[in-house]
Amino acid sequence: MGVLTKRIAVLPGDGIGPEVCTEALKVLEAVSERFGHQFELDVQLMGACAIDATGDPLPESTLQACFEADAILLGAIGDPKYDNNPAAKVRPEQGLLRLRKSLGLFANIRPVTAYDVLIEHSPLKADRIQGSDMLIYRELTGGIYFGEKGRTADGAYDHCTYSREEIVRIAHLAFQSATTRRNKLTLVDKANVLETSRLWREVVQQISPEYPSVAVDYLFVDNAAMQMILNPKQFDVILTENMFGDIISDEASVIAGSLGLLPSASVGETAALFEPIHGSFPQGKGLGIANPIATILSVAMMLEHFGMYDEATLVKEGVDYALRRKVLTPELNSDNPYTTEQVGCFIADYVQEGGECFRHLKNLELGLSTII
Ligand SMILES: NC(=O)c1ccc[n+]([C@@H]2O[C@H](COP(=O)([O-])OP(=O)(O)OC[C@H]3O[C@@H](n4cnc5c(N)ncnc54)[C@H](O)[C@@H]3O)[C@@H](O)[C@H]2O)c1
Ligand SMILES: CC(C)[C@H](C(=O)O)[C@@H](O)C(=O)O
Ligand SMILES: [Mg+2]
């Protein structure tokens, strides 16, 4: 592949978001130096920081920058002052949901792998998790997150709705993905109770004959939550609706060893956004303890999206090297912890092959300013 120029909207967000983004961008800078690509970064506000600055968690200028970008890199959003105030009408999460909806990012893809070098670290028994390798396809722009919601005189409601088409489009992506892996697809739903889940089953059963190589099974979400810990190796591709996918992917992170390891890609017809699955971990803000690997692996997924496969492989090798050498933040290495910045530098140096730890993108400046 030749040298490419890509524009990336960067939304560092809140809490540890800016810290993990900074490290991920160091790695991207190393890719740029090694392969000659040019990445134009357009840093924009979203989340609580955007509410503080503009009153809106997703300002028009941020949305515009995202529309104009080839891809979006997001750190994380959210702040305790909203989490602990149920009466707040304007909330950081509204910005993220509006962004996903506006860009049509209907498929959220969350890979989960048990790393051999971390097996002993997991609270789960090694023989249960060793070899686990699954891909969760979480529907991202429908369901209870986006249904009508509100208050009654003495209650509240959140409606869950799905159209057939909303299920069809992500089901095809999940089936196609299964054909490139171990040819197994598990639909996680609650079809014994929910009408929307029965529609999911119906649609998946109708589509399934188009993919004869793929074995399909069905699990109720309560059982799936248990199976995830009991026997995670049974899963290849998991297909599920918005809220179930949110919950079981955080649960699945225990198999990898930390929430700070799990990346994601959110894709639609045209746009693509890459973000760690974790949140803004407010308790970790400014302490240098946030694991940047989930965001660095999200950059690897972004490079794959650009067709930069060698580049993505190198980033993933850098992560493997950090895992093998135990250059890891405290939640994975309490005896000899490294800081967020040290982990980022280590992986960036690997990518650049023996470079010095000189990449100090300390403060992300707003606007289209940085060309790396
Ligand atoms: N996509 C997003 O931006 C996103 C995702 C989830 C939660 N949130 C928001 O984040 C805020 C905090 O939510 P929460 O505490 O439920 O979830 P969280 O993911 O921020 O943190 C949960 C726990 O996971 C661990 N953790 C998370 N990220 C880590 C990392 N990079 N390195 C090491 N450990 C890490 C920490 O132990 C933390 O206490 C809330 O405001 C929530 O709405 C945002
Ligand atoms: C912050 C929140 C809206 C978000 C979600 O529920 O989708 C988060 O938990 C995630 O997993 O990306
Ligand atoms: Mg979540």
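Strands, at least two residues long, are DSSP runs of E, and helices, at least four residues long, are runs of H or I; both are numbered from the N terminus. Strand β5 (residues 133-139), which holds Arg-138, is named in this way. The model is predicted.

**Exercise 1. Judge the confidence of the model.**

Find the mean pLDDT of the chain, then the elements where confidence is lowest and highest.

Solution.
- Start with the chain. Its mean pLDDT is 95. Of its residues, 95% reach 70 or more.
- Go to the elements. Strand β13 (residues 367-371) has the lowest confidence, at a mean of 60. Strand β10 (residues 237-240) has the highest, at 99.
- Add the model scores: ipTM is 0.99 and pTM is 0.96.
- Take care with low values. Where pLDDT is low, predicted coordinates should not be read in detail.

**Exercise 2. Place the recorded binding-site residues.**

State which residues UniProt lists for "binding site", and work out whether Arg-138 and Asp-222 are buried or partly exposed.

Solution.
- Read the record. The unreviewed UniProt entry lists Arg-100, Arg-110, Arg-138 and Asp-222 under "binding site". These residues spread over 123 residues of sequence, and in space they lie up to 26.7 Å apart between C-alpha atoms.
- Take Arg-138 in strand β5. A residue is buried if 20 or more other C-beta atoms lie within 10 Å of its own. Arg-138 has 28 such neighbours, so it counts as buried.
- List its contacts, leaving aside neighbours within four places in sequence. Among them are Arg-110, Asn-242 and Asp-246.
- Take Asp-222 in helix α9 (residues 221-230). It has 13 C-beta neighbours inside 10 Å, so it counts as partly exposed.

**Exercise 3. Describe Arg-34.**

Locate Arg-34, class its exposure and name its contacts.

Solution.
- Arg-34 sits in helix α1 (residues 17-35).
- It counts as partly exposed because it has 15 C-beta neighbours inside 10 Å.
- Beyond four places in sequence, Arg-34 is in contact with Val-351 and Gln-352.
- Now look across to Leu-118. The two residues are 84 apart along the chain, and their C-alpha atoms are separated by 29 Å.

**Exercise 4. Map the shells of the two ligands.**

Count the residues around ligand 1 and name those around ligand 2.

Solution.
- Ligand 1 is surrounded by 24 residues. The closest are Gly-78, Gly-260, His-278, Gly-279 and Asn-291.
- Sort that shell by class: ten nonpolar, nine polar and five charged residues.
- Trace its origin. Domain 1 (1-105 + 268-372) and domain 2 (107-149 + 157-266) each give at least three residues to the shell of ligand 1.
- Move to ligand 2. Around it stand Gly-78, Glu-93, Leu-96, Leu-97, Asp-246, Ile-277 and Gly-279.
- Sort this shell too: three nonpolar, two polar and two charged residues. Helix α5 (residues 92-103) gives the most, with three residues.

**Exercise 5. Describe the contact between the domains.**

Say how far apart the domain centres lie and which element gives domain 1 the largest share of its touching side.

Solution.
- The C-alpha centres of domain 1 and domain 2 lie 24 Å apart.
- The contact takes 25 residues from domain 1 and 21 residues from domain 2.
- On the domain 1 side, α5, β12 (272-276), α11 (293-305) and α12 (309-324) each supply at least two residues. The largest share, six residues, comes from α11.
- By class, this side has 14 nonpolar, six polar and five charged residues.

Key. Residues are numbered from 1 along each chain as its sequence is written. Chains are lettered from A and ligands numbered from 1 in the order in which they are written. This is a predicted model: local features need pLDDT of at least 70, side-chain atom pairs count only at pLDDT 80 or more; totals for chains, interfaces and linings use all residues. A residue is near a molecule or strand if its C-beta atom, placed from the backbone, lies within 6 Å of it. Ala, Val, Leu, Ile, Met, Phe, Trp, Tyr, Cys and Pro count as nonpolar, Asp, Glu, Lys and Arg as charged, and the others, Gly among them, as polar. Domain bounds come from an automatic or database domain assignment. pLDDT is the predictor's confidence in each residue, from 0 to 100. UniProt positions are given in the numbering used here, feature names are shortened, and annotations may be inferred rather than shown by experiment. A residue is buried if 20 or more other C-beta atoms lie within 10 Å of its own, exposed if 12 or fewer, and partly exposed in between; C-beta atoms are placed from the backbone. Two residues are in contact if their C-beta atoms, placed from the backbone, lie within 7 Å.
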